[in-house]
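User: I'm new to reading protein models and would love a careful look at one part of this one. Could you walk me through it in plain words?

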Amino acid sequence: MNKFKALISIFILSIGSTSALAETTLIKNINGYTIEGTTLRQFSAIQFSGDHIDQLFDKGEVIQNSKNITIIDGRGATLLPGLIDAHGHVLSYGESLMTADLVGTSSQEITVQRTLDYANKNPSLTWIIGRGWNQVQWPSKTFPTAQSLDKHFPNKPVWLERIDGHAGWANSKAMELAGITKNSQAPDGGEIIRDDNGNPTGVFIDNAMDLIQKNMTPLTIKQQKKILLKAMNSLASMGLTSVHDAGVDSKNLQAFIELSAENNMPIRINAMLYLPSDGWQASLAKGQFHSADNMLNFNSVKIQADGALGSRGASLISDYSDHAGHKGLLLHDKKVLKKYIDVSMKAGFQVNTHAIGDNANKIVLDLYQDAIKESKTKSLRHRIEHAQILRLKDIPRFSELGVIASMQATHATSDKNMAVDRIGNERILGAYAWRKLLNANAVIAAGSDFPVESANPFFGLHASVTRQDKHNAPQGGWFANQKMTRLEAFRTFTIDAAYSGHQEKLIGSLEKGKKADFILLKNNYFTEPETQIWENTVLSTWVNGKEVYRKN
Ligand SMILES: [Zn+2]
């Protein structure tokens, strides 16, 4: 936080010393790239005044020297438009920076040990919160149990969320505080995992997670602001200049509004209001919010149709291939889902619905089809978040309905060892199928779903282009015929993501009059070997013409 402020003041001092009036900056000697229409444009210098771009210079073009301009030598760095993550969770990401990080743990025992290390370092905590375990990557492949935590945490409640946020693992103390017994029932859209005797084992799926979470003291707005700022500065350091926050409640929205009023937003946020959450009707009734500097925009809602594939919560039309008789969960009754969609569209909000399984996607497309017609809101560019498993015949419906597919390429490379087990060889053909969607003229907005996956957008660009993980596995790429070109992947993280937030005239590409949001990179994304795309280093990040991050 302080580093960010320090950088800003250095920046202001440096232009101040050139001329009191100089608001114009020129960065020269760069490998600049942007999208112009459908093609890639290269340039060698960029000039901007205040928050907007004045001009791009082609290679060899004569640049007039003016003493009122601050000139920066880009030293051959690559300059791209700021990258946009169309689906992330800023508060959870900030919390993940402050809770036990369990990502990549290779067994239940190691996860417990890492939680213990974290607890020992933070003795003042009343709840031990962690996130990131994934039983699919453990030798046992089975859900963990409360007992393994109880040994080390007999008196302190522990709550560890699965990597996808769709399951939580509690110890006995946390269950005791929640009053969980053999007789406890899971709410609709949730499941309590039980042993052979019917006793809860400690794992709670989807809506059942609330049974435990409601006992934690909620964060104050002041605490939220601190966490959000930490998260946004971290996101800026990865080359993100804008994020669509996929689900804020009214309080979280208020925290963003205060940060924006205090001029304390390092990156742009498009906040989606989560339905249902406390006070959502009142927040919708207040209408859209756009800060004058466009750092904060609120014009969309987030609804959740089903769960996730890893925890078998995604709603499928036919049984899971690895669990007969089980089709996953719809989180809301269809009528309730319809009500949320109708109310939001009629209030003039863009509707972004989470759908992973083919059943959830089909239902959401059906409901959208009717609701868009009735509310005449095709121009609001409604979205499906994830659009992960689609029946082949549903793929053309995205462009027909003007519905954007908001997808996360790293989900494919993370799920590749599990997805075929879950859905089999036939349904997989419509899963993570971004090439098929592009061929059917769908707009894809890219994201990461951080903190479920890393927020680093270069991991997403790499996965989009190679269909491989960072170890270049599998060879040739997973369902390699679904690869994007580098230009297509770049579009999904820039202009098309901007389009999905109704901001393509402001950001997403670099041209005269648009916002000066860009990043300087060590490696040239367009010419480096494909296998190295994920390794790029961000040298600096600029938003609204201000440097908000610089690598030391
Ligand atoms: Zn999400």
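Which residues does methionine 232 touch, not counting residues up to four places away in sequence?

Analyst: Happy to help! First, this is a predicted model, where local features need pLDDT of at least 70 and side-chain atom pairs count only at pLDDT 80 or more, while totals for chains, interfaces and linings use all residues. Residues are numbered from 1 along each chain as its sequence is written, and side-chain values use heavy atoms, leaving out hydrogens and water.

Leaving aside residues up to four places away in sequence, methionine 232 touches Val90, Phe256, Leu259, Asn264, Met265, Pro266, Ile267 and Ile269 (contact means heavy atoms within 4.5 Å).

Methionine 232 also belongs to the largest nonpolar core, a set of 103 residues. Such a core consists of buried Ala, Val, Leu, Ile, Met, Phe, Trp, Tyr and Cys residues joined through side-chain atoms within 4.5 Å. Buried means under 20% relative accessible area, exposed over 50%, and partly exposed in between, with a 1.4 Å probe and protein chains only. Along with Met232, the residues with the most contacts inside this core are Val90, Ile269, Leu309 and Phe398. Helix H11 (residues 358-375) supplies the largest share of the core, eight residues. (Helices are DSSP runs of H or I with at least four residues, strands are runs of E with at least two, and both are numbered from the N terminus.) A second core, separate from this one, has 18 residues, including Leu116, Ile128, Trp169 and Ile205.

Let's go back to Ile269, one of the residues that methionine 232 touches. Strand S14 covers 268-275, and the loop between S14 and helix H9 (280-286) holds proline 276. Leucine 275 and proline 276 are joined by a cis peptide bond, with omega about -10°.

Another cis peptide bond runs from phenylalanine 450 to proline 451, where omega is near 5°. Proline 451 lies in the loop between strand S20 (444-446) and H16.

Next come two asparagines with an unusual backbone angle for you to find. Asparagine 472 is not a glycine, yet its phi is positive, about 60°. This asparagine 472 sits in the loop between H16 and H17 and is partly exposed, with a relative accessible area of 30%. Asparagine 544 also has a positive phi, near 55°. Its place is the loop between strand S22 (538-543) and strand S23 (546-550). Asparagine 544 is buried, at a relative accessible area of 10%.
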